[in-house]
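Please find below a short reviewer's note, arranged as numbered points. Each point takes up one part of the structure shown.

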Amino acid sequence: MEWTREQRYLPYNKWDAETLLKLQAQADNSSYQLNYHIRPSSGLLNDPNGFSYYNNHWHVFYQSYPFGAVHGLKSWVHLESCDLVHWQNKGLALGADTKYDSHGAYSGSATVIDDKLFLMYTGNVRDQNWQRISYQNGATMDKNGIVTKLAAPLIYAPAHVTEHFRDPQLLKHRDAYYVLLGAQDKTTLSGKVAVFKSKDLKNWEDLGYLDFSPETMGYMIECPNLVFIDDKPVLIFCPQGLDKNVANYDNIYPNMYVVGNKLKFDAARMETKQTAPINLDDGFDVYATQAFNAPDGKAYAISWVGLPDMTYPTDEEGWANCFSQVKELSLDEQNRLVQRPVPAMADLRQAGQVVKAEKAINGRQILVDNASRSYELKLTIPKGQAGTLHLVANQDLSESLQLKFATGDAAQLVVDRAHSGIQFASDYGFTRQIDLTANEDLELDIFVDNSLFEIFVNGGLKVLTGRFFGSQANNQIAIQGTTKEELAFRGTYWRIDHI
Ligand code: FRU
């Protein structure tokens, strides 16, 4: 179905309940539906918003367009959790229903202020000529989940930015509030992080752009957010159109990070020794990651698994995309970002099954013959070997998600989804690759959730995330050596049930 602008921006109350119920059922019954990740009840999900801890619960919201797999009139849908793993969908929290957000309640953040959760978001407005006006709005959510919008915007776009000015992250530092915003500079048409300061959330001072790199950050930065890990600032952001000579990436738009040594808030400056941003995820589909510091100081991140301007096979079923699992962030001794599953992910494990090297038959060793569509597989592949791990494979391994590894001198890991099912995003290639340290054991912690994979490499030093859309009948996990028949490996497989 071709969507007209009128359809995409039709107010929610003009849709009938039946249509929504039908779409929800369609998503529920999809053979690609997720079992233990956040996914849309219907329609399209994009960025995580308002990731926070308030009133003894974790909160996250997703950008939602509930009436189809298109980027239409956006709102925030609220989810709540006690453990960062089991999430309860509380429904629509912020709609597009005022003159300051008439064409979408776009992305933003949440901060606890006094006894409320303060939501700061971008109100997307289009005038009669379809010119965009971006307002940075506020709302509060109380302990009963009641959301009240402020009557007027907090921040209006300054003269030095174009219409692309959005995704506020509100932070408290000492006795002041600071806001980071994704922006496009009007003169250079380049991507920037705009910084504002306020003592009272009413009067805002424009501190200019965050100085964190001498390089041009593409033509627009979306979803900037800052967390502190071991007192070091870490900026996570999406520099759209970034020159690949600055930092290479394979996806349509990158999601990257820079680790700083110090953040000088009032000077809008992050000192860093890092010369170029680094991909946050080395897979196919991570974007708009949002991170925040919990009250105990720990840093957590959650990502949209989906990309702007892309189509996915479930679009035809009227729904699209999901979130990654929540990842706990830390830094290693070389200041590289480490992302790990949160402890409660282990609660999802059902009846562990040891997998270890068996005799090869027809050149392959079977790890699990009748695997679930949702599982965790922890695997150690000792150094000095090369081969392919086939996930969600059919019997003759002609269909599978392939992890091609080499743990010898030229050590690397390649994820190849070309034979994993329906082909999509072909313009951006079917493989993603990371280099590994030569002659070291490879530690993989792999999560499969029906149509999603998340691969944590070597304790989370690298993560590769992606979607795949394969046949439900493919339930084998097998390994094949490149140079020798029998490979050494050891690990554990746990089935994960629908939660
Ligand atoms: C990123 C983004 C944000 C915007 C939101 C709208 O995916 O384009 O910049 O606020 O999505 O849904």
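1. Ile366 lies in strand 27, which covers residues 365-368. In this predicted model, Ile366 has 18 other C-beta atoms within 10 Å. That count places Ile366 in the partly exposed class, because a buried residue needs 20 or more such atoms and an exposed one has 12 or fewer.

2. Contacts of Ile366 reach well along the chain. Setting aside residues up to four places away in sequence, Ile366 touches Gln476 and Ala478. Gln480 is separated from Ile366 by 114 residues in sequence, yet the C-alpha to C-alpha distance is 8.9 Å.

3. An annotation is available for residues 348-482. In an unreviewed entry, UniProt assigns to this span the feature "domain: Glycosyl hydrolase family 32 C-terminal". In the model, residues 348-482 are 52% strand and 0% helix. The C-alpha atoms at the two ends of the span are 34 Å apart.

4. Another part of the model holds an open sheet of 5 strands, ordered 4-3-2-1-22 and with mixed pairing. Strand 4 (87-94) and strand 22 (319-320) form its edges, each pairing on one side only. Strand 22 runs parallel to strand 1 (residues 43-54), and the two are joined over 2 bridges. Within this pairing, Leu44 has Ala320 of strand 22 as its bridge partner. In general, strands of a sheet pair through backbone hydrogen bonds, in either the parallel or the antiparallel sense.

5. Two backbone conformations merit attention. Leu84, although not a glycine, has a positive phi of about 70 degrees; Leu84 sits in the loop between strand 3 (75-81) and strand 4. Asn321 is likewise not a glycine and has a positive phi of about 80 degrees. The loop that holds Asn321 connects strand 22 with strand 23 (322-323).

6. Are these two loop residues, Leu84 and Asn321, buried or exposed? Leu84 is buried, because 22 other C-beta atoms lie within 10 Å. Asn321 is also buried, with 28 other C-beta atoms within 10 Å.

7. The ligand is surrounded by 13 residues, of which Gln63, Lys74, Tyr106, Ser107 and Glu222 are the closest. By class, this shell contains 5 charged, 4 polar and 4 nonpolar residues. Strands that each supply at least two residues of the shell are strand 1, strand 5 (105-113), strand 10 (161-173) and strand 14 (220-229). Strand 1 thus appears both in the shell around the ligand and in the open sheet of point 4.

Conventions
Residues numbered from 1 in each chain as written. Predicted model: local features only at pLDDT ≥ 70, side-chain atom pairs only at ≥ 80, totals over all residues. Helix = DSSP H or I, 4+ residues; strand = E, 2+ residues; numbered from the N terminus. Contact = placed C-beta atoms within 7 Å. Pairing = 2+ DSSP bridges. Near = placed C-beta within 6 Å. Nonpolar A, V, L, I, M, F, W, Y, C, P; charged D, E, K, R; others polar. UniProt positions renumbered as here; feature names shortened; annotations may be inferred.
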